[in-house]
Each structure stands twice: as structure tokens, then as C-alpha cells.
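Biologist: I have a model open and would like to go through it with you. Could you walk me through what the coordinates show?

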Amino acid sequence: RSRKELNASFVTLREEMAAARVHTSVTAGRVELDVGGHRFVTTVQTLQQSPFFAALTSGVMNTSQQQPFFIDRDPVLFRSILAFLRNNRSEELFTKQVMEMPSWKKHALLAEAKYFMLEDMAAVIEVSKNRSAVEDILKLSHKWHMIANRLDLRDNDRYDDNHDDNGY
């Protein structure tokens, strides 16, 4: 990402935090999040692997119990974001999960990864999307060759039926 895009992302983050009057819920390193109306509990350490959450949670280690961070995003997709962070950003584990996802979910999750500034997660999704596209092309190519071969065999059968043994 360019420096300009990162600065714009941080400005957006600050504006969302100010607009929502974000309060923290941190007890002994635990953080409570309200993502799209669903409650998630994790640790500051887990969240700080993401530049987005590092900015959001900076200075909250010794804060008393208040309201959770509110993040207006899709909670279903956020489960994958949080799982990625909880697994120490393991690309190997995440790649297996992404390969099994339908295309629409990959596109949606890619947008979420970019929103939460997880460039390595976004890269895994991009590779998976490209790999899926190549696999789809190969499958179509294989089907096309099978159809072409069948048509060619049929044409040869017709040719044989219309000609005698002398080739006329």
C-alpha cells in the first residue's frame, strides 16, 4: 500500500473511533469487541498483530472495564480475521481454509483483510483467487478438448460412412 492510502486508512480509523465514542473493555489484557452486533473477546496481544487494531488498542492495557470497541463490519467475516490473528498470521493454515471457500466469500474476505490492514492475509486470498481462476480455466479447457475430440470422432465416422474402401 502507498503511504497516502495508509494515512487515509488511519484517518478513517480515527474518525470512526471519534464518531462512535469508542470505549474500551480491557481486563488483564483481554479486549471485548462488538463487531456488527456480535461480541468477540480476545487479547490485546492478538489484536496488535494488525496495524488497524494496534492503533485501536494503543494505550489500553491498564484501562478499567467500560464498553466494548464497536466495529461496524460483518461479524461472520470477522471470525476469519480473528482466527487469522489468533493463529499468529499462519499463512499455511489460512491458505488451506481459503482454498475451500467459495469465490464470493474470498472477494468479501479480501475487502475485510484490506480494511483491517492485513496485507499478508490479503496476499494469500489474492493468490487463492488467481489459483481458483486458473483451475477453472483448466477445467473448461479440458471439457472443451473432450467435446472437440467427440466432434472430431463423429466427423470421422461420417466420413467413413460416406466413402467406400477405395477412399472415394
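Modeller: Gladly, with the reminder that this is a predicted model. Strand β2, residues 30–35, runs antiparallel to strand β3, residues 38–43, and the pairing extends over 6 bridges.

Biologist: Which residue is the bridge partner of E32 in β3?

Modeller: That partner is V41. The two strands β2 and β3 make up a hairpin with 2 residues between them, and in the turn G36 adopts a positive phi of about 55°.

Biologist: And how many helices and strands does the protein have?

Modeller: There are 7 helices and 4 strands, and read along the sequence they follow the pattern α-β-β-β-α-α-β-α-α-α-α. The protein has 168 residues, of which 29% are buried, and among contacts with a separation of 6 or more, 66% are accounted for by residues 24 or more positions apart.

Biologist: Let me pick a residue, then. Is T46 buried or exposed?

Modeller: T46, which sits in helix α2, residues 44–47, has a relative accessible area of 13%, and it counts as buried because that value is under the 20% cut-off.

Biologist: What does T46 touch?

Modeller: Leaving aside residues up to four places away in sequence, T46 touches L82, L85 and R86. The side chain of T46 also makes a polar contact with the side chain of T43, at 2.9 Å.

Biologist: L82 and L85 belong to α4, I think. Which residues of that helix are buried?

Modeller: In α4 the buried residues are P75, L77, F78, S80, I81, L82, F84 and L85, so two of the residues that T46 touches, L82 and L85, are on that list. As general background, an α-helix has 3.6 residues a turn, so residues three or four places apart point the same way.

Biologist: Why does the length of α4 agree with what you would expect?

Modeller: Helix α4 covers residues 75–86, and its 12 residues should span 16 Å at 1.5 Å a residue; the end C-alpha atoms are 16 Å apart, so the two values agree. At the N-terminal end, D74 caps the helix, with a side-chain oxygen 2.8 Å from the backbone nitrogen of V76, while after the helix comes N88, whose phi is positive, near 55°.

Biologist: Changing topic, how many aromatic pairs does the structure hold?

Modeller: The structure holds 8 aromatic pairs. One of them is formed by F52 and Y115, a tilted pair at 5.3 Å centre to centre with 45° between the planes. That pair links distant parts of the chain, since F52 is in helix α3, residues 51–57, Y115 is in helix α6, residues 103–115, and they are 63 residues apart.

Biologist: Which residues do the ring pairs link into a cluster?

Modeller: The cluster consists of F40, F52, F53, F78, Y115 and F116. Within this group F52 is buried, with a relative accessible area of 3%, and R73 lies over the face of Y115, at 3.7 Å from the ring centre.

Biologist: What else can you say about α6?

Modeller: Helix α6 has 13 residues and reaches 19 Å from its first C-alpha to its last, close to the 18 Å expected. Its buried residues are K106, L109, L110, E112, A113 and Y115, and just after the helix M117 takes a positive phi of about 60°.

Biologist: One last residue: where is M99?

Modeller: M99 is in helix α5, residues 91–99, and counts as partly exposed at 25% relative accessibility. M99 and K129 are 30 residues apart in sequence, with 8.3 Å between their C-alpha atoms.

Notes: Residues are numbered from 1 along each chain as its sequence is written. This is a predicted model: local features need pLDDT of at least 70, side-chain atom pairs count only at pLDDT 80 or more; totals for chains, interfaces and linings use all residues. Side-chain values use heavy atoms; hydrogens and water are left out. Two strands pair if DSSP finds at least two bridges between them. Buried means under 20% relative accessible area, exposed over 50%, partly exposed in between (1.4 Å probe, protein chains only). A polar contact is a pair of N or O atoms within 3.5 Å; within protein, one must be able to donate a hydrogen and the other to accept it, and residues adjacent in sequence count only if both atoms are side-chain atoms. Contact means heavy atoms within 4.5 Å. Rings of Phe, Tyr and Trp (its six-membered ring) pair if their centres lie within 6.5 Å; planes under 30 degrees apart count as stacked, over 60 as edge-to-face and the rest as tilted. A charge sits over a ring if NZ of Lys or CZ of Arg is within 6 Å of the ring centre and within 35 degrees of the ring normal. The expected span of a helix is 1.5 Å times one less than its number of residues.
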